[in-house]
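Please open the model in your viewer and keep the sequence panel beside it, as the stops below move from the whole chain to single residues.

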Amino acid sequence: MNEPQNPTPPAADTAAAPLTAEQIEQLRTQAAQAAEHYDRLLRLTADFDNFKKRAARERDETRRAAIEGVLTKFLPVLDNFDMALAATDQANASVETLKVGITMIHSQLRQVFGDSGVEAVDALGQSFDPAIHEAVSQKETTEAPDGQVVQQLRKGYRLKDKLLRPATVVVAKSPAANPAQS
């Protein structure tokens, strides 16, 4: 490695004096080092920019592949819905046959969600939890303890530990004391 350079400039009175061969060589060495460092900085900057672009491209490709995988699982469900709709136009289609077909499609759809890690939030009979339930009203009742879910209006869903949608519920409330009975 080169010897440490003296960072202090020459005194003002020596600035007018001609440079020695040693000083000129020292300046050339410093200029070469500066050029080398600048070139290195440019290469590192270009490498980092390329890395950022490559990482963004890979992230987009991974996201696209994940979406394609999920959507591919839904295509058979869509096909079955199309067949069910076509069956409604047939003269010999019975309500019972359509019900069986729709039940099968529902089961297939639940299977796709289950395979993707989505599970329903079962709220009925549970204590109200604002982290996973959305209360839209309260119902006065003596048949359930205060704060218990007595009706589920819409199911909630979670993907592993992340809540996708809270369950919409009605929560039990103790009946108010009737002043007329006092």
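The tour begins with the overall layout and then turns to a sheet, a core and one residue.

Begin with the whole chain in cartoon view, bearing in mind that this is a predicted model. The protein has three helices and six strands, and along the sequence these follow the pattern α-α-α-β-β-β-β-β-β. If you switch on the surface, the accessible area comes to about 14500 Å², of which 57% belongs to carbon and sulfur atoms, while buried residues make up 12% of the 182 residues. Of the contacts between residues at least 6 apart in sequence, 61% join residues at least 24 apart.

Next, select residues 118–121 and 162–165, which are β1 and β5, and add β4, residues 156–159. Together these form an open sheet of three strands in the order β1-β4-β5, with antiparallel pairing; β1 and β5 are its edge strands, each pairing on one side only, and the twist averages 35° from one strand to the next. Zooming in on β4 and β5, you will find three bridges joining the two antiparallel strands, and Y157 has R165 in β5 as its bridge partner.

Now show side chains for A123, V149, A167, V169 and V171, the five residues of the largest nonpolar core. Strand β6, residues 167–173, supplies three of them, the largest share of this core.

Finally, centre on V171 and display its surroundings: which residues does V171 touch, not counting those up to four places away in sequence? They are F128, A135, S137, Q138, K139, G147, Q148, V149 and V150.

Methods
Residues numbered from 1 in each chain as written. Predicted model: local features only at pLDDT ≥ 70, side-chain atom pairs only at ≥ 80, totals over all residues. Heavy atoms only, no water. Pairing = 2+ DSSP bridges. Helix = DSSP H or I, 4+ residues; strand = E, 2+ residues; numbered from the N terminus. Axes fitted to C-alpha atoms, helices over the stretch in contact; angles between N-to-C directions. Core = buried A, V, L, I, M, F, W, Y, C linked by side-chain atoms within 4.5 Å. Buried < 20%, exposed > 50% of the residue type's maximum accessible area, 1.4 Å probe, protein only. Contact = heavy atoms within 4.5 Å. Areas by Shrake-Rupley, 256 points an atom, 1.4 Å probe, with all protein chains shown as cover.
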